[in-house]
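Please look over the model below with its aromatic side chains in mind. The paragraphs after it go through ring pairs, a ring cluster and charges placed over rings.

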Amino acid sequence: MAFSATTFSLLLLILDLSSYSYSHPFTFTSQDYCNALEKSILFFEGQRSGKLPSDQHLTWRGNSGLSDGSAYHVDLVGGYYDAGDNVKFGLPMAFTTTLLAWGVIEFGISMQNQIENVTTAIRWSTDYLLKAATATPDTLYVQVGDPNLDHRCWERPEDMDTPRNVYKVSAQNPGSDVAAETAAALAASSLVFKYSDPTYSSKLLQTAIQVFNFADRYRGSYSDSLSSVVCPFYCSYSGYHDELLWGASWIYRASGIDSFMSYIQSNGHILGADDDDYSFSWDNKRAGTKVLLSKEFLDKKNS
């Protein structure tokens, strides 16, 4: 869970940095915060899978996972490993991407010279998620690597010799939780690239809508479909209702399409919008959804 925890900590750091100018009881300087932000973003370079670029800062890392998906006739090279593992888990990777994008959307102006590094980190993930979402119709590839075998050894990804099994959700074996979170990640990221790369942004948003429709049409938890491959590692304990609301909220935020707000309003009670939650994590998105929708409402009210 370290991968998603780092992202959440990064978001809190950015929030703290943005409020630093008001008051702070400690002796930290703005440079201290800049260094912390830089190192937090640098963490993601160490998690990269695939062919590394020439401007890679962590030069002790090398190419890895270059044939991921090939045995299944799909290209799943890229993305991020999870924590100290050599597995690419789709649910926490997508959530990580959503939070990184949300951080840029809300606090990008405070990131100063780190904005390019964080958008690069987001794109490293979205490039992979796009491949996972579009390789096969009505299918989302959600994991590379068998965690049960991976956890029995300790080796660098450059040297790994464990099986690179590929796992997917489909109409027959649904995974609304991981699919809707992927939709959220792509939609949130589309806002990050809206002005710097509008073509890419549009591709992200259109794919987000397609993946969300897939998640909603074929409802079910990926924990039930993939069982011991994802549990207890990233089992969807909260179910998939929270991700459907979360995904719809992000698509509405990114697109302004009224049908997604109508979806939230008509399905909210059924999908648990009224439930009280005291945590926000890669598993449970209800609190985040409430914050996202509340801010959208207040922004429009005050505009």
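What follows is a walk through the aromatic contacts of this structure.

The model is predicted, and a search of the whole structure finds 15 aromatic pairs in it. One of them joins Phe 43 and Phe 44, whose ring centres are 5.4 Å apart and whose planes stand at 85° to each other, an edge-to-face arrangement. The surroundings of these two residues can be described separately: Phe 43 is partly exposed, with a relative accessible area of 26%, whereas Phe 44 has a relative accessibility of 1% and therefore counts as buried.

A further pair is made by Phe 95 and Phe 280, and because their planes meet at 75°, with the centres 5.5 Å apart, this pair too is edge-to-face. The contact links distant parts of the chain, since Phe 95 belongs to helix H3 (residues 90–107) while Phe 280 lies in the loop between helix H10 (258–267) and helix H11 (286–302), 185 residues apart. Both Phe 95 and Phe 280 are buried. These two phenylalanines are also members of one aromatic cluster, which they form together with Trp 102, Trp 246 and Trp 250.

Aromatic rings in this model also lie beneath charged groups, as two arginines show. The charged end of Arg 48 is placed over the ring of Trp 124, at 4.5 Å from the centre of that ring. Arg 123, in turn, lies over the face of Phe 193, at 5.6 Å from the ring centre.

Methods: Residues are numbered from 1 along each chain as its sequence is written. This is a predicted model: local features need pLDDT of at least 70, side-chain atom pairs count only at pLDDT 80 or more; totals for chains, interfaces and linings use all residues. Side-chain values use heavy atoms; hydrogens and water are left out. Rings of Phe, Tyr and Trp (its six-membered ring) pair if their centres lie within 6.5 Å; planes under 30 degrees apart count as stacked, over 60 as edge-to-face and the rest as tilted. Buried means under 20% relative accessible area, exposed over 50%, partly exposed in between (1.4 Å probe, protein chains only). Helices (H or I, at least four residues) and strands (E, at least two) are DSSP runs, numbered from the N terminus. A charge sits over a ring if NZ of Lys or CZ of Arg is within 6 Å of the ring centre and within 35 degrees of the ring normal.
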